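Me: Please take me through the assignments in this model and justify each one by its criterion.

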Amino acid sequence: MTTSPRLRVLLVAIAIVLYACLLQGVRPLYSPDEGRYTDVALMMLEDGDWLHPMLHPEVPHWSKPPLTYWSIAASVATFGHSEFAARLPGAFAFAATILLLGRLGRRFVPDQPWLPALVYATFAFPPAASNLVTTDSLLALWETLCVVAFVELWWATDARAARRARLLLGLALALAFLTKGPPGLLAFAACVGFAAWSEGTRGVRRAFGWDALLVFLVVGGGWYAIVAWQEPGVMRYFLVEEVVNRVASDRMHRNAEWYGAFKVYLPTLLLGTLPWLPLLLRAGWRSRSDLVARLRADEASRLLACWLLLPLAVFMLARSRLPLYVLPLFAPLALVVARELAPWTPRSRVVVLLGAWCVAMVALRALPARLDVDADDRALAQAIDRELSPRPAEVAFVVDAPRFGLRFYLGSENARLDLPDEPPQAQAQDLPSELLEREGCRLLLVRPARRVELERALAAYGVTWRRIADVRGYAALAELGDDCAWRADARAMLPP
């Protein structure tokens, strides 16, 4: 019995989606990133405001455009309140990127177009990154889609195909821009560099189109225009804090040393390309002598070189550096490995080993759930839940970064409170609003070294409170009110 090509493609796509989604909900959310992204998405669902990302009813969060938050919120609304739903957008993005690599394989590895998809799916880094609630898997998808559209445009055989490719290119750029702002345009910048290298100004003109620009401005720029009109200071924040300071300063404290790029990106690229690293190194070694001639003769090699090296140069020069920044580069790396590997006849032993590797990649998603990790927001929420009933309306972290994942597990708002240099006089009119204007039960968490300082400040403010048992490295103090009832052991509740 033979299987139709469409059915085979469908079965392969289902297998890829299952591979991407299995065990995504086992691990708890970790602070800071996963808790923060999920918190903003839940705020959108709660207050119905999908235009203004908020960490707290009084704290906007403009560090990223909204597409990642929208995708998480839509997933939670559709599939339920679970870690699996929070991670599903990243898992779907990983699966879709694999499928797009199969599309690119038609141009770069025409005899075995499925090979780049196989390589990308079995790289160590992309499946691991898909298990994190961040922008990066979505960004990798849109940047890969951008290159797919550019390839279709560059090698289009008629005007109709070229127009479809331009519209797709504009849409891909818009979605990338809505995911991470200007960094989402790096893949297109590489495509423009390739076009200029290949055909000069004529090539650059081929890469642009008014129809693509219109799609980009409407889809990608609409949200920016609305929030810039409503919040005049937002665009300056985007440009200065999120672009200039990340590129030219060390204000983000993210490996800004001169050697930081090597410390972060070299291990990521080497370990992340396992188990195909030997082939990647062999490709580099074999091309050392005839690289220039090869780039001149082969357009596909030129495009791969631009796609890989231009964004990497930007990441190396920028002074904010994290491993996930280079995730979009694993798509061109998969194509490099596939071109080196082809033609490839899979042997049964190799197929078994790759299958075992994929099983291990999936199983690793569940491993952290068995580990005691300080950043585990679920464990902190469970510790709080054992001590307090009803759950706190707000959890305030005193002189410490908030754990925003607590909203996901407790439904509590999260905030940071700073201690004053000198406590004021205990006059009601002098008390700060964040200590007085609070309904419901609030829990204050502070590191043990600053507990006494907090207790003195609360006494000066005239706030009624009680200590309860410490929770996962925090000293816990609860403000008392008529709606607060404690189920902690009486011996653990020391009077102030």
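**Cysteines and burial**

Me: Why is Cys146 called buried?

Reply: Cys146 has a relative accessibility of 3%. Buried means under 20% relative accessible area, exposed means over 50%, and partly exposed lies in between, with a 1.4 Å probe and protein chains only. The value for Cys146 is under the limit, so the residue counts as buried. The model is a predicted one, in which local features need pLDDT of at least 70 and side-chain atom pairs count only at pLDDT 80 or more, while totals for chains, interfaces and linings use all residues. Side-chain values rest on heavy atoms, without hydrogens and water, and residues are numbered from 1 along each chain as its sequence is written.

Me: Why is Cys146 not bonded to Cys191?

Reply: A disulfide is a pair of cysteine sulfur atoms within 2.5 Å. The closest cysteine sulfur to that of Cys146 belongs to Cys191 and is 5.0 Å away, which is too far for a bond. Cys191 is likewise in no disulfide, its nearest cysteine sulfur being that of Cys146. Cys191 has a relative accessible area of 1% and is therefore buried. In total, the structure holds zero disulfides.

**Helix α4**

Me: What makes the length of helix α4 agree with expectation?

Reply: Helices are DSSP runs of H or I with at least four residues, strands are runs of E with at least two, and both are numbered from the N terminus. The expected span of a helix is 1.5 Å times one less than its number of residues. For the 26 residues of α4 (83-108) this gives 38 Å, and the end C-alpha atoms are 37 Å apart, so the two values agree.

Me: Where is the kink in α4 centred, and how is the bend defined?

Reply: The kink is centred on Pro89 and amounts to about 35°. The bend at a residue is the angle between axes fitted to the seven residues ending there and the seven starting there.

**The sheet**

Me: How do you know which strands pair in the five-stranded sheet?

Reply: Two strands pair if DSSP finds at least two bridges between them. The open sheet has the order β5-β4-β6-β8-β7 with mixed pairing. Its edge strands, β5 (413-417) and β7 (465-471), each pair on one side only. Strand β4 (394-398) runs parallel to β5 over five bridges, and Glu394 stands opposite Glu413 there. Strand β6 (442-446) is antiparallel to β8, with four bridges, among them the one between Leu444 and Leu477. Five bridges join β7 and β8, also in the antiparallel sense, and Ile468 has Ala476 as its bridge partner. Each of these bridge counts meets the minimum of two, so the strands are paired.

Me: What lies between β7 and β8?

Reply: The two strands form a hairpin with two residues between them, and Arg472 in the turn has a positive phi of about 45°.

Me: What makes β8 a mostly covered strand?

Reply: Six of the six residues of β8 (474-479) are buried. Tyr474, Ala476 and Ala478 cover one side, and Ala475, Leu477 and Glu479 the other, so that both faces hold residues under the 20% limit.

**Salt bridges**

Me: Why is the contact between Asp211 and Arg163 called a salt bridge?

Reply: A salt bridge is a side-chain nitrogen of Lys or Arg within 4 Å of a carboxyl oxygen of Asp or Glu. The closest N and O atoms of Asp211 and Arg163 are 4.0 Å apart, so the pair qualifies. Asp211 is in helix α10 (210-230) and Arg163 in helix α8 (159-180), 48 residues apart. Asp211 counts as buried at 18% relative accessibility, whereas Arg163, at 46%, is partly exposed.

Me: How do you know that Glu340 ties together distant parts of the sequence?

Reply: Glu340 forms a salt bridge with Arg282 at 2.9 Å between the closest N and O atoms. Glu340 lies in helix α16 (330-341) and Arg282 in helix α13 (277-286), so the linked parts are 58 residues apart in sequence. Glu340 is buried at 13%, while Arg282 is partly exposed at 40%. Arg27, Glu34 and Arg87 are joined into one network by salt bridges that share partners.

Me: Why does the contact of Lys263 with Glu257 qualify?

Reply: Their N to O distance is 3.8 Å, which is within 4 Å, so the contact is a salt bridge. Lys263, at 41%, is partly exposed, and Glu257, at 31%, is partly exposed. The structure holds 23 salt bridges.
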